[in-house]
Amino acid sequence: MTSKRTFRTAARVTVVAVLSAAMLVPMYIMVVNAFKPQQEILLSPLGIDFATASTEYLEAAWQSTSFPVVEGYAVSLFLVLACNAVAIGTAVPAAYAIARTPKLLFRILLMFFVAGMFVPAQIILVPAVFVLKSLGLMGTLPGLVLFMSATMIPFTLFVFSAYIRMLPRSLDEAASIDGAGRQRILWTIIFPLMRPIVATAFILNALGAWNDFVSPQLILGPGSEFRTITTGVYAAVSTYSTNYEIVFPTLLLAVAPILLIFVVMQRHIMGGLSAGAVKG
Amino acid sequence: MPRTSTSWRTRAGAFANGLLTVPALAVYVGLLVVPVGFAVYYSFTDYNGFPSRTPTWVGLENYRRIADDPIGDLHPSVWVTVAIAVVGTLLVNAAALGLALLLRRTTPFNTFARVVMFYPHVLSALIVGFLWQAILGPQGAVNNILGGWGQSTLPFLADPQWALATLIAVIVWAQFGVQLVLYLAGLQAVSPDLKESARIDGAGGGQVFRHVTWPALAPTVTVTLVTTVLSLLKVYDVVLGLTNGGPGDATQNWAYEILAVSFANNDIGLACAQAVLLVLVAGLLSFTIIVLRRRAEEGAESLG
């Protein structure tokens with residue numbers, strides 16, 4: 001019995017260890033090859049010769065004009081913050097109203113919002129481009145932020161309204177007896193209690209905004225002065241996809257910071273994901 | 001009933017609450033619902049997207065073009081999309097559930113493994129595609145290693161069938177970690193007492209899984225199936241980075257047809273007809289899965 005159990009544990013650990021290694025190999029290849037010249041990448045993709053290793057390729061990628069790294073990070077970070085501000089800022093009052101009004105109309109309204117979760121954002125981008133054009137927002141950051149926020153609102157609002165339903169109504173009532181208005185109750189009493197679910201929505205929306213490629217590419221346009229991480233990588237890599245001296249350093253620069261953030265915040269990110277799924 | 005709550009039920013109270021939904025409604029309707037409406041309208045027109053031209057009504061012509069497929073490019077893309085959605089969903093969920101069972105206990109080793117399985121999700125799909133292209137391409141790392149060993153190279157991205165299999169494998173690599181986290185959360189909800197009593201009654205590991213764990217996971221399975229199918233139906237970034245639809249049109253899926261073919265060729269009417277069909281299929285499939293899974297979930301509730 002004991003030997004059987006030890007064997008099982010050993011088998012389990014081996015399987016998991018081999019799989020983990022397989023998951024990490026691409027990262028290893030990317031990091032190692034970011035410091036090597038093309039010839040060496042082709043000859044020995046896995047090894048690294050410290051005599052010839054150099055940071056010049058990373059420096060070249062850093063200075064690339066098609067992918068301005070620092071600006072790319074700034075634009076992507078701006079999108080994360082701005083889209084979350086719009087999506088969360090509008091979803092909180094709407095979810096509050098929907099959760100607290102026991103009328104059929106508001107239940108229908110919730111379903112109307114939830115239906116948006118099943119519309120693939122990048123597929124509806126083509127007609128959205130024409131809506132943005134008619135609003136004069138095509139090719140602008142506000143237009144991009146509005147579109148991306150619109151795709152985040154259904155999920156955000158859905159989890160918020162489910163969360164607010166769990167908060168006791170007596171809180172609102174006590175505050176309203178004390179003479180607080182709707183907005184006051186919402187922002188000073190309900191919103192602070194929503195912190196866990198707001199954090200969940202923020203993290204999930206942030207990942208979506210950070211990694212979105214099609215929306216910035218189509219709405220800002222390939223010739224735009226604004227490049228996100230993803231559109232920048234596309235501009236720098238897609239035409240030189242076999243010039244590995246450019247590909248690996250560019251990819252490394254694009255993923256290093258987000259991986260760092262992930263390693264530091266992994267508990268919150270993965271916890272947020274499962275919290276969002278349980279509520280959804 | 002507390003008396004103050006009446007203010008929420010009066011017509012004036014409801015109207016004031018309605019006002020709170022206006023900002024969210026404006027953004028959502030303006031940039032998601034109206035575009036869906038536009039998509040439906042344009043799908044019945046011939047329109048090249050230039051502001052100087054107005055869309056001309058052609059009725060069902062775009063849908064007929066999709067059904068008849070005169071150039072022979074749309075029907076293959078349907079099969080690519082179905083292959084990715086069906087095979088990908090099965091593999092993603094099998095891998096995620098299997099690993100969730102292996103990693104269910106929280107030990108430092110398991111926590112590390114979970115992070116390692118999950119991390120591709122924080123990378124953008126486009127970058128995942130480019131990275132694997134550099135690894136599996138004809139000049140890529142794997143083929144150079146094989147060449148160094150004196151072996152012949154493998155056509156991961158050069159042969160049509162290999163390319164589709166590679167694409168699905170890369171998608172599974174990038175996506176199963178998310179579903180793994182969901183399955184782990186679902187496993188937390190499986191009652192340990194129920195498992196213990198099943199074991200005391202003499203049930204083996206397989207039987208405990210089949211009769212206790214699996215039914216209790218039913219709601220989780222519904223969520224993972226719907227989210228996987230929805231995300232696999234619309235994959236685009238990873239296709240663009242990994243194969244750019246090639247070789248030929250071997251890995252061009254429906255989303256690629258919409259964005260990189262019809263829209264890029266200024267065929268807005270056709271692109272919108274394709275988009276409308278995809279939205280309908282995505283909605284219908286999700287709805288079907290939810291309805292079919294409801295029975296399994298009811299079983300889970302009576303069990304819990």
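## Salt bridges and the A–B interface

A search of the whole structure, a predicted model, finds 3 salt bridges over all chains. The table lists them.

| Pair | Closest N to O distance | Citation |
|---|---|---|
| A:Asp172 – A:Arg100 | 3.0 Å | salt bridge |
| B:Glu61 – B:Arg64 | 3.4 Å | salt bridge |
| B:Asp267 – B:Arg65 | 2.8 Å | salt bridge |

**Chain A.** A:Asp172 sits in helix α8 and A:Arg100 in helix α4 (residues 69-100), so their salt bridge ties together parts of chain A that are 72 residues apart in sequence. Both A:Asp172 and A:Arg100 are buried.

Helix α8 of chain A spans residues 169-177, and its buried residues are A:Asp172, A:Glu173 and A:Ala175. Viewed down the axis of α8(A), they fall within an arc of 165 degrees, so they line one face of the helix. After α8(A) comes A:Gly179, with a positive phi near 95 degrees.

A polar residue elsewhere in chain A also deserves a look. A:Ser215 belongs to helix α11 (residues 214-220) of chain A. Its relative accessible area is 3%, so A:Ser215 counts as buried, the cut-off being under 20%. The side chain of A:Ser215 makes a polar contact of 2.6 Å with that of A:Asp212. Beyond its neighbours within four places in sequence, A:Ser215 is in contact with A:Leu125, A:Leu144, A:Phe147, A:Met148 and A:Leu220.

**Chain B.** B:Glu61 and B:Arg64 share helix α4 (residues 61-68) of chain B, where they are 3 residues apart, about one turn of the helix. In general, an α-helix has 3.6 residues a turn, so residues three or four places apart point the same way. B:Glu61 is partly exposed at 34% relative accessible area. B:Arg64 is partly exposed too, at 45%.

The salt bridge between B:Asp267 and B:Arg65 links distant parts of the chain, 202 residues apart. B:Asp267 lies in the loop between α14 (254-262) and α15 (268-303) of chain B, while B:Arg65 is in helix α4 of chain B. B:Asp267 is buried, at 17% relative accessibility. B:Arg65 is partly exposed, at 28%.

**Interface.** How many salt bridges are there between chain A and chain B? The count is 0. The rule does find 11 residue pairs in polar contact across the interface of chain A and chain B, both residues at pLDDT 80 or more. Helix α13 (residues 244-279) of chain A gives the largest share of the side of chain A that touches chain B, 15 residues. That side of chain A has 68 nonpolar, 15 polar and 8 charged residues.

The contact draws 91 residues from chain A and 89 residues from chain B. About 7,900 Å² is buried between the two chains, and carbon and sulfur atoms give 81% of this area.

Technical notes:
Residues are numbered from 1 along each chain as its sequence is written. Chains are lettered from A and ligands numbered from 1 in the order in which they are written. This is a predicted model: local features need pLDDT of at least 70, side-chain atom pairs count only at pLDDT 80 or more; totals for chains, interfaces and linings use all residues. Side-chain values use heavy atoms; hydrogens and water are left out. Buried means under 20% relative accessible area, exposed over 50%, partly exposed in between (1.4 Å probe, protein chains only). Helices (H or I, at least four residues) and strands (E, at least two) are DSSP runs, numbered from the N terminus. The arc is that of the directions from the helix axis to the C-beta atoms. Contact means heavy atoms within 4.5 Å. Buried area is the accessible area (1.4 Å probe) that two parts lose on being put together, summed over both. A salt bridge is a side-chain nitrogen of Lys or Arg within 4 Å of a carboxyl oxygen of Asp or Glu. A polar contact is a pair of N or O atoms within 3.5 Å; within protein, one must be able to donate a hydrogen and the other to accept it, and residues adjacent in sequence count only if both atoms are side-chain atoms. Ala, Val, Leu, Ile, Met, Phe, Trp, Tyr, Cys and Pro count as nonpolar, Asp, Glu, Lys and Arg as charged, and the others, Gly among them, as polar.
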